[in-house]
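Open the model in your viewer and set it to a cartoon view. Keep the sequence panel beside it. The tour goes one selection at a time.

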Amino acid sequence: MLKLIDSSPLVDDATLARFNAYFGNKLPPAMLAFYRSANGGYLRGEDEDTDPTGVGSLIAVGDGRTCIENLHRDYIQGFPHLAEYVPFAEDNFGNCYVLSLRDEDYGHIYLHLLEDDELMPIEDSFEELMEGIEQRQHKAHQSRAGASG
C-alpha cells in the first residue's frame with residue numbers, strides 16, 4: 001500500500017461521484033480506486049529521497065481550497081488548452097502532473113512544466129505511475145530496514 005504523509009480525510013461516495021462528474025465521468029477506474037482509499041498527501045518525509053518520477057505530493061479531492069477541482073478551475077484560467085487534463089499531483093518545484101482525458105491519449109500522465117508551458121510524458125496510465133511509486137517506496141523501506149538491522 002502506498003505510504004502518504006499528511007493525507008486529507010477520506011471522501012465519501014457522493015464526493016467521489018461529484019469529482020468524477022466534474023470531469024465528465026471520464027476519470028479512469030484506477031484513479032477513482034486510489035481516491036476511494038486515500039485522499040492526497042506527501043509521498044516522502046523531509047529526510048527521504050524524492051521519487052524518481054519527481055512526484056512530491058498527490059492533491060486531495062473534495063471541497064478544500066487546494067482540492068483538484070478548484071485547482072483545475074484556476075489552472076485552466078492560465079492554461080485554457082489544458083482543460084481536458086486533470087491536475088492531480090505536484091513536484092517540489094510547483095509543476096503539476098496531469099492526466100489526459102483527451103481521446104487521443106486518454107489516461108496518459110504528463111508533467112506540465114509551468115515555466116515553459118510544456119507537457120513532458122511520464123507514464124501511459126495512472127495505474128502504472130502509482131504501481132511504480134508504490135514499488136519504489138517498498139524497495140526503499142526494505143533497504144532502510146536492512147541498513148538499520
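In which sense do β2 and β3 pair, and over how many bridges? Select both strands and look. They pair in the antiparallel sense, over 2 bridges. One of the partnerships to find is S57 with E90 in β3. Keep in mind that this is a predicted model.

**The whole chain**

Now zoom out. The protein has 4 helices and 6 strands. Trace the chain from its start and the pattern reads α-α-β-β-α-β-β-β-β-α. There are 149 residues, and 45% of them count as buried. Turn on the surface. About 8300 Å² is exposed, with carbon and sulfur atoms supplying 49% of that area. Then think about contacts between residues at least 6 apart in sequence: 50% of these join residues at least 24 apart.

**The sheet**

Select the strands. The 6 strands form an open sheet, ordered β1-β2-β3-β4-β5-β6, with antiparallel pairing. Which strands stand at the edges? They are β1 (41–42) and β6. Each has a single partner strand, so one side of each is left without a neighbour in the sheet.

Start at β1. It is joined to β2 by 2 bridges, and the two run antiparallel. Pick G41: its bridge partner in β2 is L58.

Step to β2, residues 57–58, and click S57. Is S57 buried or exposed? S57 is buried, because its relative accessible area is 11%, under the 20% cut-off. Show what surrounds S57. Beyond residues up to four places away in sequence, it touches G41, Y42, F88, A89 and E90.

Next comes β3 (85–90). Of its 6 residues, 5 are buried, so the strand is largely enclosed by the rest of the structure. Between β3 and β4 there are 5 bridges, again antiparallel. Find A89, which stands opposite Y97 in β4. The two strands make a hairpin with 5 residues between them. Stop at G94 in that turn: its phi is positive, about 90°.

Go on to the loop between β4 and β5 and select R102. At 24% relative accessibility, R102 counts as partly exposed. Leaving aside neighbours within four places in sequence, R102 is in contact with E84 and Y85. Now draw a distance from R102 to K26, C-alpha to C-alpha. The gap is 9.5 Å in space, although 76 residues separate them in sequence.

Finish the sheet at its last pair. Strands β5 (109–113) and β6 (118–123) run antiparallel and share 5 bridges. I109 has E123 as its bridge partner in β6. This pair is also a hairpin, with 4 residues between the strands. In the turn, D117 has a positive phi of about 50°.

**The helices**

Select α2, residues 29–37. Colour M31, L32, F34 and Y35, which are buried. Why do they sit on the same side of α2? They cover an arc of only 160° around the axis, which puts them there. The general rule helps: an α-helix has 3.6 residues a turn, so residues three or four places apart point the same way.

Move to α3, residues 68–78. Its buried residues are I68, E69, L71, H72 and Y75. Look down the axis of α3: these residues fall within an arc of 155°, so they line one face of the helix. What covers them includes α1 (13–22), α2, β3, β4 (96–100) and β5.

**The core**

Now show side chains. The largest nonpolar core has 38 residues. Those with the most contacts inside it are F19, M31, F34, Y35, L58, I68 and F88. The elements giving two or more residues to this core are α1, α2, α3, β3, β4, β5 and α4 (126–148).

Click L58, the bridge partner of G41. Beyond its neighbours within four places in sequence, L58 is in contact with L2, L4, F34, Y35, G40, G41, L43, F88, A89 and M130.

**Last stop: cysteines**

Select C67 and C96. C67 counts as buried at 3% relative accessibility. C96 is buried too, at 2%. How many disulfides does the structure hold? It holds 0.

How values were computed: Residues numbered from 1 in each chain as written. Predicted model: local features only at pLDDT ≥ 70, side-chain atom pairs only at ≥ 80, totals over all residues. Heavy atoms only, no water. Buried < 20%, exposed > 50% of the residue type's maximum accessible area, 1.4 Å probe, protein only. Arc of directions from axis to C-beta. Pairing = 2+ DSSP bridges. Disulfide = S-S within 2.5 Å. Contact = heavy atoms within 4.5 Å. Core = buried A, V, L, I, M, F, W, Y, C linked by side-chain atoms within 4.5 Å. Areas by Shrake-Rupley, 256 points an atom, 1.4 Å probe, with all protein chains shown as cover.
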